Amino acid sequence: MFRNNYDNDAITFSPQGRIFQIEYASEAVKQGSVTVGLCSKTHVVLVALKRNAEDLSSYQKKIINVDTHLGLSLAGLASDARVLSNFMKRQALASKMTYGRPIPIERIVDQIGDRAQANTQNYSNRPYGVGLLVAGVDDTGPHLFEFQPSGMTQEMVACAIGARSQMARTYLERNLDAFADCGREELVTHGLKALKESLNQDKELTIENASVGVVGVSKTESGKNKLEGFRLYDGEEMAPLLERALAGEGVKAQGGEEAQVESMDTS
């Protein structure tokens, strides 16, 4: 593998202004299986493609419930995502115990961004080799954020990260204007269709290799907003979602080809 004098740590800039360790961490995200996020005026949806390292192993978890109003999906090193999600769970719990309210989405995203950026200022640390899509609802409405290994975070209307995610992004860009007014089911349908765009032609979405996370708000009879807590759909629960989203496209709800494993260390 090509090496140079500027990639031994995450704190040294090259003469071109690059930090190679961060670029290597970003490459781990690009090798992870694809995940898609979409946001409307009322809901946020996360859709993820799961992998199994080998035929004898189970599929790795790709969507994590952080709190009742908050969840995330990952592309990259699952172990790094577990560390960050546990940190987010502690921060969410601390907010409830200290202030008596759920933590705002932008605040918790900024906290994990600061934590990741601090790793680029200490010689003994390395960047997190994972990208996250964080979905949640707070007093200001639904939000979708992207987190990158450099510590950069940005709010998105729709986003896709991971291997072959460019095809999913193309679908999202093509249908971007429709997302704002979509309801829960319509947004899930768009997410699954975008995820399918990223698959090889000989692969299919199945109840085994796909999962969906949804959080949002609905109106009560009095006109007030009511939280629809973060809900993870996995396994058999995926069957009706796949059948509705991919009707007429020959979706295999009870099995079929799994997504190609590109790396045993990434998810």
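These notebook entries record what I looked up in a predicted model.

**Entry 1. The largest pocket**

I began with the largest pocket, which holds about 360 Å³ of space. It is lined by 17 residues, and the closest to the pocket's centre are Val137, Asp138, Asp139, Thr140 and Gly141. I then asked which strands supply at least two residues each of this lining. They include β5 (130–138), β6 (141–147) and β10 (225–233). By residue class, I recorded 6 nonpolar, 5 polar and 6 charged residues in the lining.

**Entry 2. Ser198**

I next turned to Ser198, which sits in the loop between α6 (184–197) and β9 (210–219). Is Ser198 buried or exposed? Its relative accessible area is 4%, under the 20% cut-off, so Ser198 counts as buried. I noted that the side chain of Ser198 reaches the backbone oxygen of Leu195 at 2.6 Å. With neighbours within four places in sequence set aside, I found Ser198 in contact with Val34, Arg164, Met167 and Ala168.

**Entry 3. Arg164**

Since Arg164 appeared among the contacts of Ser198, I looked it up as well. Arg164 lies in the loop between β8 (158–161) and α4 (165–174). Although Arg164 is not a glycine, it has a positive phi of about 60°. I recorded a relative accessible area of 36% for Arg164, which is therefore partly exposed.

**Entry 4. Ser165**

Ser165 is found in helix α4. At a relative accessible area of 6%, Ser165 is buried. Which residues does Ser165 touch, not counting those up to four places away in sequence? I found Val34 and Ala160; Val34 is also one of the contacts of Ser198. I also looked up the separation of Ser165 and Leu195, which are 30 residues apart along the chain: their C-alpha atoms are separated by 8.2 Å. Leu195 is the residue whose backbone oxygen is reached by the side chain of Ser198.

**Entry 5. The cysteines**

I then searched for disulfides. A disulfide is a covalent bond between the sulfur atoms of two cysteines. How many disulfides does the count come to? The count is 0. For Cys39, I noted that the nearest cysteine sulfur belongs to Cys182 and is 11 Å away. A disulfide requires sulfur atoms within 2.5 Å, so Cys39 is in none. For Cys159, the nearest cysteine sulfur is that of Cys39, at 12 Å, and Cys159 is likewise in no disulfide. Both are buried: Cys39 has a relative accessible area of 10%, and Cys159 is at 5% relative accessibility.

**Entry 6. Helix α2**

My last entry concerns two residues of one helix. Asp80 is found in helix α2 (residues 78–99), and Ala94 is placed in helix α2 too. I recorded Asp80 as buried, with a relative accessible area of 6%, whereas Ala94 is partly exposed at 34%. Which residues are in contact with Asp80, leaving aside its neighbours within four places in sequence? I listed Arg126, Pro127, Tyr128, Gly129 and Val130. Tyr128, one of these contacts of Asp80, served as a reference point for Ala94. The C-alpha atoms of Ala94 and Tyr128 are separated by 23 Å, and the two residues are 34 residues apart along the chain.

Definitions and conventions. Residues numbered from 1 in each chain as written. Predicted model: local features only at pLDDT ≥ 70, side-chain atom pairs only at ≥ 80, totals over all residues. Heavy atoms only, no water. 1 Å grid on protein atoms, 1.4 Å probe; cavity = no way out; pocket = protein on both sides within 12 Å on 5 of 7 lines; lining within 4 Å. Points joined across faces, edges and corners; volume = space filled by probe spheres on them. Helix = DSSP H or I, 4+ residues; strand = E, 2+ residues; numbered from the N terminus. Nonpolar A, V, L, I, M, F, W, Y, C, P; charged D, E, K, R; others polar. Buried < 20%, exposed > 50% of the residue type's maximum accessible area, 1.4 Å probe, protein only. Polar contact = N/O pair within 3.5 Å; in protein donor to acceptor, adjacent residues only side chain to side chain. Contact = heavy atoms within 4.5 Å.
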